[in-house]
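Me: I'm new to this one and would like a slow walk through it. Could you take me along part by part?

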Amino acid sequence: MEETPPPGCSKPHLEKLTLGITRILESSPGVTDVTIIEKPPAERHMISSWEQKNNCTLPEDVKNFYLMTNGFHMTWSVKLDEHTIPLGSMVINSISKLTQLNQSSVYSLPNAPTLADLEDDALEASENQPEKPHFDSRSVIFELDPCDGNGKVCLVYKRGKPALAQDAEIWFLDRALYWHFLTDTFTAYYRLLITHLGLPQWQYAFTSYGISPQAKQWFNMYKPITYNTNLLAEETNSFVNKLDPSKVFKSKNKTLSPKKKGPVQPAGGQKGPSGPPSTSKSSFSPGNPVRK
């Protein structure tokens, strides 16, 4: 039965599993509810059964992970204006949920296209990345992390079945069904997961288009413990929204400053529906009162 350990992650094996990240999170401003769902180790026969069923050999580091804990789930929240907002999420599916990426119809309709039908073979590997996985029988793909609906982190065997351990890599599949290489070993990926603190959309930092502006704000507030931190610092001024009202509205205030009082409008002048003279559009600006 799953249980939640007390704050501080006092159990030695959980402290080792999280690389001590709980202490860093709990000392960060605004962070609350740092929670690890403890999972018992997977039995060896469960791993052997999975390999036989899928005709795939798990890499040794993946096997060792499941022999330590049958999956991983760590979350944390932030408290803003008396409201608690779930933010960080670190997930590795259990061995029973390490299922092959669905290759059936995308829609529950007869003759509907499959993922393989939607694949664009024209987009091959670049010089800096290995060949991309395929949705057809050329690759065998298993879901490691559903990423809260922002994509999928996958364990990929790119040579088909029977799949050998040395052929496994970790890739990120974004919501537009484009592949992005993450690491060539599970251990390296797990370190990325931990050092990025499970921040929303952190996997998109390894794509050509990067993370969203909202995610960048969280990245700037809770900087990942990774080599990407320097790149984040260089881009800080480009996405941190710092507004100075005195400067933003400075030019508008000048144009609205009257030089002298105008003549009193005659009784027959134009009036608005409630009686007072209507205000010209050019003299109104958000943040400045309408002069009566």
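What follows is a chat about a sheet, some aromatic pairs and two loop residues.

Me: Before we start, what kind of model is this?
Reply: This is a predicted model, so please read everything below as computed from that prediction.

Me: OK, the sheet then. What is the strand order, and how do the strands pair?
Reply: The sheet is open and has three strands in the order β1-β2-β3, with antiparallel pairing. At its edges are β1 (31-36) and β3 (83-92), each of which pairs on one side only, and the twist from one strand to the next averages 15°.

Me: How many bridges join β1 to β2?
Reply: Four bridges join β1 to β2, which covers residues 72-80, and the two strands run antiparallel. If you want one position to look at, I36 has M74 in β2 as its bridge partner.

Me: Which helix packs on that sheet?
Reply: Helix α6, residues 186-195, packs on the sheet and touches β2 and β3, and its direction makes about 175° with that of β3.

Me: Switching to rings: how many aromatic pairs are there in the whole structure?
Reply: A search of the whole structure finds 14 aromatic pairs. One of them is formed by F65 and Y190, a tilted pair with 5.7 Å centre to centre and 55° between the planes.

Me: And why does that pair tie together parts that are apart in sequence?
Reply: F65 lies in helix α4 (residues 60-68) whereas Y190 lies in helix α6, so the pair ties together parts that are 125 residues apart in sequence.

Me: Is F65 buried or exposed, and what about Y190?
Reply: F65 is buried, with a relative accessible area of 7%, and Y190 also counts as buried, at 8% relative accessibility.

Me: Which residues are in the ring cluster?
Reply: Ring pairs link F65, Y66, F72, F186 and Y190 into a cluster.

Me: New topic: what is phi of D81, and where is D81 found?
Reply: Phi of D81 is near 50°, a positive value in a residue other than glycine, and D81 is found in the loop between β2 and β3. For background, most residues other than glycine have a negative phi. D81 is exposed, with a relative accessible area of 71%.

Me: What about D148? Where does it lie, and is it buried or exposed?
Reply: D148 lies in the loop between β4 (140-145) and β5 (152-157), and D148 is exposed, with a relative accessible area of 64%. Phi of D148 is near 55°, again a positive value in a residue other than glycine.

Terms used
Residues are numbered from 1 along each chain as its sequence is written. This is a predicted model: local features need pLDDT of at least 70, side-chain atom pairs count only at pLDDT 80 or more; totals for chains, interfaces and linings use all residues. Side-chain values use heavy atoms; hydrogens and water are left out. Two strands pair if DSSP finds at least two bridges between them. Axes are lines fitted to C-alpha atoms, for helices over the stretch in contact, and angles run from 0 to 180 degrees between N-to-C directions. Contact means heavy atoms within 4.5 Å. Rings of Phe, Tyr and Trp (its six-membered ring) pair if their centres lie within 6.5 Å; planes under 30 degrees apart count as stacked, over 60 as edge-to-face and the rest as tilted. Buried means under 20% relative accessible area, exposed over 50%, partly exposed in between (1.4 Å probe, protein chains only).
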